[in-house]
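Good morning, and thank you for the opportunity to speak. Please look at the structure on the screen while I take you through a few of its residues.

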Amino acid sequence: MALLTFTRKEKRISKLRHKQQTVSVSALKFVALYAVIAALCLFISSPKSGAFNWYLSVFWSLNFPIAVLGFSRIILSKKVIRSNFSGKTDKLVIFIVPTICRKDTLSPLLRVTESILRLAPANMINFRIDLIIEQDSEAKRELKKIMQNEKKVNIIEVPRNYTTPHDTKYKARANHFATELRTKLKENHPDVYIYHLDDDTHVGKDTISSIAEFIETEHGNKYLAQGILTFPYQLSTSWFCKRADGIRPIEDITRFKLFTGDLGTPLAGLHGEHLLIRADIEEEIGWDFGPTLAEDAYFGLSFAQKYPGKSASLNSYSYGASPANLRDFINQRKRWATGILGVVFDKRFSLKIRLPLLYSVFYWLVGLFQFVAVVFIASRILGVNNTSPVALWIIFLWSFNLAYHIWQYIEGNKINASVSTQTRKNKKGKHKKINPHPWVTIPLVYAITLIEGISAFLGMIQFIKKDFSFEVIKKEV
C-alpha cells in the first residue's frame with residue numbers, strides 16, 4: 001500500500017491551501033472592547049474597602065502585566081508574516097515524529113507524513129522523516145507495510161526495556177532515544193537540524209519554507225526556532241474544543257513570540273511541535289529530565305539558561321488537531337498544568353529563569369477562583385453585596401484584562417478559521433468558508449474560562465499527588 005493512497009476525505013484534508021501572506025491582527029477590536037467594558041464597569045461600580053473587595057482587587061488584576069506585554073507585542077507588529085522563501089537548504093533536516101502508533105492514530109500520522117513528503121522537496125535538498133514508535137506498538141505492522149517503499153521515512157523502535165539515567169517517560173523518553181541514536185550515527189553536528197512534530201500536526205508550504213529560511217539566514221547565529229500553532233476546524237469533531245483552541249495561535253504571536261523571538265530566550269517555555277533545534281544543541285541538552293509531563297517546557301528553560309538570546313521565531317504555521325471531546329480537552333489541559341508545575345518548582349533552574357513561567361502558571365491555577373460565577377456564589381455565602389474594587393482606578397486594570405482575554409479568542413479563532421477548509425451552505429446554496437462572527441465568541445469565553453480553570457485545578461491536585469501518569473487523547477476526525 002503506497003503512502004499517498006488516501007480516501008477522498010483524507011486527500012481533501014492533506015491538500016489544504018496555505019497561501020504565503022500576512023495575517024492582520026486587529027487592535028481596533030481590543031480598543032472597542034476595552035472602551036465598552038470600562039464604561040460599563042465604571043457605571044455599576046462603587047468602591048468599597050472590605051476584605052473580599054481587597055481579594056478581588058488583587059486577583060482580578062493579576063493578568064495585567066501579561067496582558068500589557070501581549071498587547072504591546074501586537075502594537076509593535078500587527079501582522080503575522082508567513083514565509084514565502086523560495087531558496088533551498090542543503091543542510092540535513094530530520095523530521096522527528098514520536099507516535100503512540102495505535103490504529104486510531106494511524107490516519108493522522110499518515111496525513112502528517114504525507115504533508116512532509118509532498119512539500120519538503122521544494123526547499124530541502126536533504127531531509128528524512130524519523131517516526132519514533134514503541135517496540136510493542138499496536139499498529140507497528142500496518143505502519144511498516146505502508147511505509148515500506150518510502151525511502152525518506154525511517155521507523156525507529158524504542159526497545160521496551162530502554163531506560164534513561166533519570167527514568168524519563170513517554171514522549172521525552174522517545175526523543176532522548178532518538179537523540180542517542182543520532183549520536184551513534186554521528187549526525188548530531190551543527191549542520192544538521194531537528195524539526196519536531198506531533199503525530200496529528202501536519203506542515204504547510206509556509207512551514208517548510210520557513211525552516212529553510214531560518215537555516216539559511218540564521219545558521220551560526222541562532223540555534224532554535226519556534227513557529228505558530230494553528231488548529232484547522234475540519235480536524236476536530238468538537239465544536240467547543242475548536243473554539244477553545246483559539247487561544248493558542250494568539251498566545252504564540254504575543255507571549256511566546258515576545259520571549260522566544262524578540263528576546264531570543266524562551267522563558268515562556270516551548271511547544272513540543274513546530275520546533276526546530278540544531279542537532280548538536282539538542283544532543284547537549286537532551287530530553288532526560290526525569291518523570292515529567294512537560295518535556296517541552298523543560299527543554300525551553302534549559303535552553304534559556306544555557307543559550308540566552310539564541311532563539312528565534314519561524315515565520316509560519318503548523319496545522320494541528322484540537323481534542324475530539326470535552327473530556328480529552330480537560331485531560332490535555334490538566335496534563336499541561338501538572339507538567340509545568342514540575343518545571344517551575346525544579347531548582348535546577350535559577351529563579352530568574354523560572355519567574356516568567358511561574359507567574360503565568362500561577363495566574364492560570366487561580367483562574368477558577370476568579371471566575372465570575374464562583375465569585376458571585378462566594379460573595380452570597382459571605383454576605384457581601386458589593387464586589388467593586390477598593391479604588392476606582394482598578395476598574396481600568398480589570399477592564400483591560402477582560403478585554404484582552406476576550407480579544408485573544410476573537411483573533412485566535414480568526415486565524416484558525418483562515419487555515420480551515422470546513423464550509424457550510426449559505427442561503428443561496430453555495431459553500432462558504434466557516435468564519436465565526438467575532439462577537440459570538442464573547443459568551444463562549446466564559447464557558448471556556450471555567451473549563452480551563454477546572455482543568456488547571458485538577459492538574460494542581462495531580463501534581464501534589466505526584467501522579468505523572470499520561471493518557472494519549474484522541475484528536476483526529
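Phe369 is partly exposed, because its relative accessible area is 37%, and the cut-offs for that class are 20% and 50%. I should say at once that this is a predicted model. The ring of Phe369 pairs with the ring of Phe457: the centres are 5.8 Å apart and the planes stand at 80°, so the pair is edge-to-face. Phe369 sits in the loop between helix H14 (351-365) and helix H15 (372-382), Phe457 belongs to helix H17, and the two are 88 residues apart, so that this pair links distant parts of the chain. Phe457 is likewise partly exposed, with a relative accessible area of 27%.

Let us stay for a moment with helix H14, where Tyr363 lies. At 24% relative accessibility, Tyr363 counts as partly exposed. How far apart in space are Tyr363 and Asn63, C-alpha to C-alpha? The distance is 6.8 Å, although 300 residues separate them in sequence. Not counting residues up to four places away in sequence, Tyr363 touches Leu62, Asn63 and Gln370.

I return now to the aromatic rings. The structure holds 26 aromatic pairs. In one of them, Phe30 and Phe71 have ring centres 4.2 Å apart and planes at 35°, so this pair is tilted. Phe30 is in helix H2 and Phe71 is in helix H4, so the pair ties together parts that lie 41 residues apart in sequence. Are these two residues, Phe30 and Phe71, buried or exposed? Both are buried. Ring pairs also join Phe30 and Phe71 into a cluster with Tyr34, Phe64, Phe400, Tyr404 and Trp407.

Phe30 appears again in the largest nonpolar core, which has 42 residues. The members that touch the most others are Val25, Phe30, Leu33, Phe240, Ile253, Tyr317 and Trp407. Among the elements that each supply at least two residues of this core are helix H2 (27-44), helix H10 (247-262) and strand E9 (311-319). Helix H16 gives the largest share, 11 residues. As for Ile253, if we leave aside its neighbours within four places in sequence, its contacts are Val25, Arg73, Ile74, Val80, Ile228 and Ile415.

The next topic is helix H5. Its 14 residues, 106-119, should span 20 Å at 1.5 Å a residue, and the C-alpha atoms at its ends are indeed 20 Å apart, which agrees. Is H5 mostly covered or mostly open? H5 is mostly covered, with 12 of its 14 residues buried. The buried residues include Leu106, Arg111, Glu114 and Leu119.

Another buried arginine is Arg173, in helix H7 (residues 170-184); at 10% relative accessibility, Arg173 counts as buried. Its side chain reaches the backbone oxygen of Pro159 at 2.9 Å. Outside the residues up to four places away in sequence, Arg173 touches Glu134, Val158, Pro159, Arg160, Tyr162 and Thr168.

Finally, a word on the cysteines. How many disulfides does a search of the whole structure find? The search finds zero. Cys101 counts as buried, at 1% relative accessibility, and Cys241 counts as buried too, at 0%.

Thank you for your attention.

Notes
Residues are numbered from 1 along each chain as its sequence is written. This is a predicted model: local features need pLDDT of at least 70, side-chain atom pairs count only at pLDDT 80 or more; totals for chains, interfaces and linings use all residues. Side-chain values use heavy atoms; hydrogens and water are left out. Helices (H or I, at least four residues) and strands (E, at least two) are DSSP runs, numbered from the N terminus. The expected span of a helix is 1.5 Å times one less than its number of residues. Buried means under 20% relative accessible area, exposed over 50%, partly exposed in between (1.4 Å probe, protein chains only). A polar contact is a pair of N or O atoms within 3.5 Å; within protein, one must be able to donate a hydrogen and the other to accept it, and residues adjacent in sequence count only if both atoms are side-chain atoms. Contact means heavy atoms within 4.5 Å. A nonpolar core is a set of buried Ala, Val, Leu, Ile, Met, Phe, Trp, Tyr and Cys residues joined through side-chain atoms within 4.5 Å. A disulfide is a pair of cysteine sulfur atoms within 2.5 Å. Rings of Phe, Tyr and Trp (its six-membered ring) pair if their centres lie within 6.5 Å; planes under 30 degrees apart count as stacked, over 60 as edge-to-face and the rest as tilted.
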